[in-house]
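Below are my comments on the model, set out as numbered points. Please read them alongside the sequence and the coordinates.

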Amino acid sequence: MKNLVEIALVDTHTHLYLKEFDADRTDMMNRALEAGVVKFFLPNVDSRVIDEMLSLESAFPGQVHAMMGLHPCSVKDDYQQELEIVKNWLEKRPFCAIGEIGIDLFWDKTTLDIQIDAFRKQIALAKAHDLPIIIHSRDSTELILDILKDERDERLRGILHCFTGTIEQAASAFSMGFYLGIGGVVTFKNAGLDKVVSELPLDWLVLETDSPYLAPMPYRGKRNESAYVRIVAEKVAALKSLDLKAVANATTNNSKNIFDKISWAYTTLS
Ligand code: NI
């Protein structure tokens with residue numbers, strides 16, 4: 001995993017602040033830095049994890065960047081209060097994005113109406129603060145694209161995180177200012193994402209792990225960590241017959257386009 005070729009990778013979606021990393025967070029960060037990861041973007045989930053997320057950000061200034069938002073799986077009866085907390089934090093200090101937000105119909109369909117309401121309210125917050133949005137969609141890609149069409153304007157932009165859709169859906173998202181977040185699923189046999197990614201222009205893609213979830217092969221089913229974003233980059237390079245550096249350069253540039261409110265000064269370990 002050592003960064004023998006000097007490359008700069010970005011993990012655009014990683015939950016490094018969760019308890020799964022409590023025992024070895026510093027080692028895990030060092031492995032990621034050695035693998036060439038120069039930036040880590042932390043999506044929020046809900047008010048229960050904000051303190052841990054912000055303390056990880058302060059422990060790695062300039063490398064780890066926090067988002068603010070309410071995850072669709074945390075949209076429950078108290079979601080208006082949760083949105084109030086999101087709103088207050090956005091007024092209190094800068095964040096790199098609003099996330100993760102969206103619609104999840106895999107775990108709970110009964111909350112669809114309030115998930116849509118929370119999603120639209122957070123899109124409005126993103127427009128008001130001129131921030132990108134990081135979208136979680138599960139069993140809901142068409143619905144998400146419909147809402148984006150409706151909300152579309154020159155400020156709306158972001159990432160469709162954990163993209164697993166079709167080439168047509170990717171094209172539609174990109175035309176509305178959204179990059180596709182590619183993670184461990186691209187290494188799974190029979191997921192079909194490898195075929196889709198081999199057809200997508202590199203200009204549309206950013207890389208992510210979604211740690212601790214969705215570890216790539218050969219770690220599938222185990223804890224994921226940010227160092228493995230390099231495995232994702234290698235897989236994308238193989239699918240497109242490119243070298244790793246070309247994939248790193250393009251996806252890191254795309255990440256810069258999206259996260260346009262932070263400083264991109266970084267140094268690579270080599
Ligand atoms: Ni996530």
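1. Glu82 sits in helix α3, which spans residues 79-92, and since this is a predicted model, the environment of that side chain deserves a careful look. E82 is buried and yet forms no salt bridge; the nearest side chain of opposite charge belongs to R48, at 6.3 Å, and because a salt bridge requires a side-chain nitrogen of Lys or Arg within 4 Å of a carboxyl oxygen of Asp or Glu, R48 does not supply one for E82. Apart from neighbours within four places in sequence, the residues in contact with E82 are D46, S47 and L70.

2. In helix α1 (residues 25-34), the buried positions are R25, M28, M29, A32 and L33. They lie on the same side of α1, because the arc they cover around the axis is only 140 degrees. Among the elements that cover these buried residues are β2 (37-42), α2 (50-59) and β3 (64-66). Just after α1, G36 adopts a positive phi of about 100 degrees.

3. Which residues coordinate the nickel ion? The ligands are H13 and H15, each through NE2, together with E100 through OE and D210 through OD, at 2.1 to 2.6 Å. Along the chain these donors follow the spacing H-x1-H-x84-E-x109-D. H13 belongs to the loop between β1 (9-11) and α1, whereas E100 is in strand β4 (residues 98-104), so this pair ties together parts that are 87 residues apart in sequence.

4. The geometry of the nickel site is irregular, with angles of 85 to 173 degrees among the four donor atoms. It is not classed as tetrahedral because that would require all angles to lie between 85 and 135 degrees, and the range at this site extends to 173 degrees. Two of the ligands can also be described by their burial: H13 is buried, with a relative accessible area of 0%, and E100 likewise counts as buried, at 2% relative accessibility.

5. What surrounds V236, leaving aside its neighbours within four places in sequence? This residue lies in helix α8 (residues 229-239) and is buried, its relative accessible area being 0%. Beyond those sequence neighbours, V236 is in contact with I182, V197, L202, L205, L207 and V247. For one of these partners, L205, the separation from V236 is 31 residues along the chain, while their C-alpha atoms are 9.7 Å apart.

Note on methods
Residues numbered from 1 in each chain as written. Predicted model: local features only at pLDDT ≥ 70, side-chain atom pairs only at ≥ 80, totals over all residues. Heavy atoms only, no water. Helix = DSSP H or I, 4+ residues; strand = E, 2+ residues; numbered from the N terminus. Buried < 20%, exposed > 50% of the residue type's maximum accessible area, 1.4 Å probe, protein only. Lys, Arg positive; Asp, Glu negative; His and termini not counted. Contact = heavy atoms within 4.5 Å. Arc of directions from axis to C-beta. Donors = N, O, S within 2.8 Å, 3.2 Å for Na, K, Ca; no water. Tetrahedral: all angles 85-135°; square planar, octahedral: opposite > 155°, others 65-115°.
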